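Hello,

Here is the structure we spoke about. Please open it first, then read the notes below.

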Number of protein chains: 2
Amino acid sequence: MTPGTGSWVVGVDSGGSGLRVALAEVVAGGPGPAETVVSRTPVRTGEAGIDARHLLEQLLPMVRGLQDRGAGDGRPVTAVAVGAAGMATLGGQLRAVLPGALEEALGIRGLALATDAVTAYAGALGQRPGAVVAAGTGMVAVGTDLTEWRRADGWGHLLGDCGGGAWLGRAGLTAALRAHDGRRGGSTALLAAAQTVFGPPAGLPGKLYPRTDRPAVLASFAPEVARCAAEGDPVATGIVAEAARRIADAAEAVCPRETDGPPDIALTGGLLRIGDPLLVPLLAELTDRLPQARVVPPAGDPLSGALSIAASLATGSLRLPGDPAMLHLVTPGTPRHD
Amino acid sequence: MTPGTGSWVVGVDSGGSGLRVALAEVVAGGPGPAETVVSRTPVRTGEAGIDARHLLEQLLPMVRGLQDRGAGDGRPVTAVAVGAAGMATLGGQLRAVLPGALEEALGIRGLALATDAVTAYAGALGQRPGAVVAAGTGMVAVGTDLTEWRRADGWGHLLGDCGGGAWLGRAGLTAALRAHDGRRGGSTALLAAAQTVFGPPAGLPGKLYPRTDRPAVLASFAPEVARCAAEGDPVATGIVAEAARRIADAAEAVCPRETDGPPDIALTGGLLRIGDPLLVPLLAELTDRLPQARVVPPAGDPLSGALSIAASLATGSLRLPGDPAMLHLVTPGTPRHD
């Protein structure tokens, strides 16, 4: 039996909408069916980054609750993988505190701290080489040839996230206001949609700028842009086509060229729910630029990706490459950097 | 002698960098040489908009200081014009409080409350029909045929201000990060410039998103985009050319078509200091789209525009049209709306 099989592992997905934790037994080298629990309280982010104590205060009772529900069979958890939005830049405290705290509380022998794009990758493609696009309010692409990670975009709504939900909604609102002002390039269809969603244009700045969740407000208009495109509005169609090109730019930048067999590309994230107006031009761009790749449906979500990383750690079979910012690995024998 | 000549008027320019106040005698229908005083304390903006009490607390002592310096000759101030950024949407309290407060404190008979783009217009073109572009961190164009005002853009950095400083800097940083990621459309020249200004790209989000003056941070990179364009970088050249088209879009939307004689267009604001890389394509666009118009140098700044509006009010010679949002006029006989 592969070492680690029969042990239990924990996957964690931490983001703006809360914390999701899953516990599963390792069977045949991968995670078996998982028990999952959800907290709607997002882990706090302070000046020192993601708050490790706040994460632990939620995580440990959630794990014990799962164990008390009968999962885990009394046997210890051997590995944990945490995927978190902002891990690369805001994960310093997690990297300092979690290895010791989780070893003490759970007796784990392996820990992975991953950026959410990496858990999305592992959920979508497992340990195969390829590229994963995560397009929601933001947009980031990550890819690997199993030697190193590449990342493209994910710079946030003012510096990039090109083609993501906030980008798309913002482009649509800008085109609506062009029509309102009588400037070139405006769309009366988008203006009508903006008035329906946000009321009179003069009030729009007041509904956006005072908010702290401006990217989400912008992204809330993305489905309207897609609808106007589906109804034939040429400006909206042009915006969605540009979003498809910008997303393809990122996928192209990270997709490995030389792999055994064709690399896989998976598209993930809530923006894809806007459907064909985006998917049709995006698939056309990807086929055109990356003819060697196969676009495949994602196998699972970021939480299942975290579980799969934890299971691979437990069995010593992790093929995804470690990376100081994207996939920080703490395994027995790894020197600690506190 | 024209009524009002020989009386004194006050012009006010209130914005993000503070408050400027000028006092001048009305001579030959316009303001004579002005005495000016500056406060570096910007008038507060609260939930009820621009704080009228905070404005008055600064303005009245500044006016009395100017009068004490000998200006005004002991004769009363007959009219005041206040230009303020955000007057249209945030000026409710000023419109409610200032008419009574200034009549009581100074004995004025005429008051104008103008959005800063209108005082910029009056400063640049006086009372002639035409269009004025104000391009700094933001970008707005206003125009009038002396019957009504038209405004284009000025929607802020997330909804428009297309071609302004924040727009230009943001486009440059996005292109820099494209190069960093290996995406199409990147510029290594802009990447090198961004690294010089902001340090390693990985730290750039942390230097922008926590700030409350994000538009100013973005705009601080605009001169680098212009420099790269001047040095022949094709991506930077394309960005600046697009900025010129976007600014021309706004000028075109507001410039009156039918006037006695050619309408005048004036370009104002700090962005123009980046010089030829922007001005050459912008003048070409304006000539192409508005062949009937003349591009003229601005005669004065927004503070001189406020003085000129006040002097016209004092002499009953205001030709610029009143507008509830853009140029709110309170003269003897105007019903008060408190």
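Leaving aside its neighbours within four places in sequence, which residues is B:Thr119 in contact with? They are B:Gly83, B:Ala114, B:Asp301, B:Pro302, B:Gly305, B:Ala306 and B:Ile309. Please keep in mind that this is a predicted model.

**Helix 4 of chain B**

B:Thr119 sits in helix 4 of chain B, which covers residues 116-125. B:Thr119 has a relative accessible area of 1%, so it counts as buried. A polar atom of its side chain lies 3.0 Å from the backbone oxygen of B:Asp116. The rest of the helix is mostly covered too: nine of its ten residues are buried. These are B:Ala117, B:Val118, B:Thr119, B:Ala120, B:Tyr121, B:Ala122, B:Gly123, B:Ala124 and B:Leu125. Just after helix 4 of chain B comes B:Gly126, with a positive phi of about 65 degrees.

B:Leu125 turns up again in the contacts of B:Asp264. B:Asp264 belongs to strand 11 of chain B, residues 264-268. Is B:Asp264 buried or exposed? It is buried, because its relative accessibility is 2%, under the 20% cut-off. Not counting residues up to four places away in sequence, B:Asp264 touches B:Leu125, B:Arg128, B:Pro129, B:Gly130, B:Ala131, B:Arg294 and B:Val296.

**Helix 3 of chain B**

B:Gln93 lies in helix 3 of chain B, residues 92-106. B:Gln93 is partly exposed, at 25% relative accessible area. A polar atom of its side chain is 2.7 Å from the backbone nitrogen of B:Ala52. B:Ala52 is also one of the residues that B:Gln93 touches, beyond those up to four places away in sequence. The others are B:Ala48, B:Ile50, B:Asp51, B:Arg53 and B:Leu98. How far apart in space are B:Gln93 and B:Pro215? The distance is 26 Å, C-alpha to C-alpha, and 122 residues separate the pair in sequence.

**Strands 1 to 3 of chain B**

Start with strand 1 of chain B, residues 8-15. It pairs with strand 2 of chain B in the antiparallel sense, over eight bridges. A hairpin of two residues links these strands. B:Gly15 stands opposite B:Gly18 of strand 2.

Strand 2 of chain B spans residues 18-27. Why is it described as largely enclosed by the rest of the structure? Because seven of its ten residues are buried. Strand 2 of chain B is also joined to strand 3 of chain B, residues 30-39, by eight bridges. Those strands run antiparallel. There B:Val26 stands opposite B:Pro31.

**Chain A: a sheet and two helices**

What is the strand order of the open sheet of five strands in chain A? The order is 10-9-8-11-12, with mixed pairing. The edges are strand 10 (149-153) and strand 12 (294-295), each pairing on one side only. Strand 9 of chain A, residues 139-144, runs antiparallel to strand 10, and five bridges join them. In one of these pairings, A:Val140 has A:Asp153 of strand 10 as its bridge partner.

Helix 11 of chain A, residues 276-289, lies across strands 11 and 12 of chain A. Helix 11 runs at about 160 degrees to strand 11.

Helix 12 of chain A covers residues 302-315. Its 14 residues reach 20 Å from first C-alpha to last, close to the 20 Å expected at 1.5 Å a residue. How many of its residues are buried? Twelve of the 14 are, so the helix is mostly covered. Among them are A:Leu303, A:Gly305, A:Ile309, A:Leu313 and A:Thr315. Just after helix 12 of chain A, A:Gly316 takes a positive phi of about 70 degrees.

**Cysteines**

How many disulfides does the structure hold? It holds zero, over all chains. Take A:Cys228 as an example. Its sulfur is 18 Å from the closest cysteine sulfur, in B:Cys162, which is too far for a bond. The closest cysteine sulfur to that of B:Cys162 is in A:Cys162, 15 Å away, again too far for a bond. A disulfide would need the sulfurs within 2.5 Å. Both A:Cys228 and B:Cys162 are buried, with relative accessible areas of 3% and 4%.

Best wishes

Notes: Residues numbered from 1 in each chain as written. Chains lettered and ligands numbered in written order. Predicted model: local features only at pLDDT ≥ 70, side-chain atom pairs only at ≥ 80, totals over all residues. Heavy atoms only, no water. Helix = DSSP H or I, 4+ residues; strand = E, 2+ residues; numbered from the N terminus. Buried < 20%, exposed > 50% of the residue type's maximum accessible area, 1.4 Å probe, protein only. Polar contact = N/O pair within 3.5 Å; in protein donor to acceptor, adjacent residues only side chain to side chain. Contact = heavy atoms within 4.5 Å. Expected span 1.5 Å × (residues − 1). Pairing = 2+ DSSP bridges. Axes fitted to C-alpha atoms, helices over the stretch in contact; angles between N-to-C directions.
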